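User: Got a minute to walk me through this one? I'd like to go over a helix, a strand residue and the cysteines.

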Amino acid sequence: MERTDCEDAAQRYLERFGWPCVADGFAVWALAGQAFDAVDISAPHGSAVLSALRNETGHPPQVITVPGDPAIWRFLVHPRAHVLRTWRATLTTAGAHHLTTAARIELPPTRVPGGELTWVRPPLGRLTTLDQLVAALTALR
């Protein structure tokens, strides 16, 4: 039986980056807290956050575009067991949503009603930390 694009992607993510993923139908996903967490930010703010993170860290963050209305940019970050209250407040103020504690994080090439998830640029496996993302959001205020 021929493998699906999602099965191939799940295998590739595991082999290249050590990300344990599940492929199911037209979706590939990982559980938050295992290899990474994620922060969803509205698309209009996503490019500004991407630029700020690139300037702060010196490397491009891992970012997925999630089509829909509204479209979002999903930033993969190192998993954290505990998030500081001030960081949660910054994320909330910025309209960001932190996917953590076993949340299902969909990865490309998952298909959703608005289209297919895609990478802003091919992943390198290097993750941003949540504190770096919060600092970027704070700098953009």
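Analyst: Sure. One term before we start: a helix here is a DSSP run of H or I with at least four residues, numbered from the N terminus. Keep in mind that this is a predicted model.

User: OK, what follows α2?

Analyst: Gly58 comes after α2, and its phi is positive, near 80°.

User: How far apart are the end C-alpha atoms of α2, and what should the span be?

Analyst: They are 21 Å apart. Helix α2 has 15 residues (43-57), so at 1.5 Å a residue it should span 21 Å, which agrees.

User: Which residues of α2 are buried?

Analyst: Ala43, Gly46, Val49, Leu50, Ala52, Leu53 and Thr57.

User: And what covers them?

Analyst: The cover includes strands β3 (37-42), β4 (63-66) and β5 (72-77), plus helix α4 (130-139).

User: Switching to Arg74: buried or exposed?

Analyst: Buried, because its relative accessible area is 8%, under the 20% cut-off. Arg74 sits in strand β5.

User: What does its side chain reach?

Analyst: The side chain of Arg74 gets to the backbone oxygen of Glu106, at 3.1 Å. Beyond its sequence neighbours within four places, Arg74 has contacts including Asp40, Gln62, Leu99 and Leu117.

User: Now the cysteines. How many disulfides are there?

Analyst: Zero.

User: Why no bond for Cys6?

Analyst: Because the closest cysteine sulfur, in Cys21, is 11 Å from the sulfur of Cys6, too far for a bond. As for burial, Cys6 is buried at 4% relative accessible area, and Cys21 counts as buried at 19%.

Technical notes. Residues are numbered from 1 along each chain as its sequence is written. This is a predicted model: local features need pLDDT of at least 70, side-chain atom pairs count only at pLDDT 80 or more; totals for chains, interfaces and linings use all residues. Side-chain values use heavy atoms; hydrogens and water are left out. Helices (H or I, at least four residues) and strands (E, at least two) are DSSP runs, numbered from the N terminus. The expected span of a helix is 1.5 Å times one less than its number of residues. Buried means under 20% relative accessible area, exposed over 50%, partly exposed in between (1.4 Å probe, protein chains only). Contact means heavy atoms within 4.5 Å. A polar contact is a pair of N or O atoms within 3.5 Å; within protein, one must be able to donate a hydrogen and the other to accept it, and residues adjacent in sequence count only if both atoms are side-chain atoms. A disulfide is a pair of cysteine sulfur atoms within 2.5 Å.
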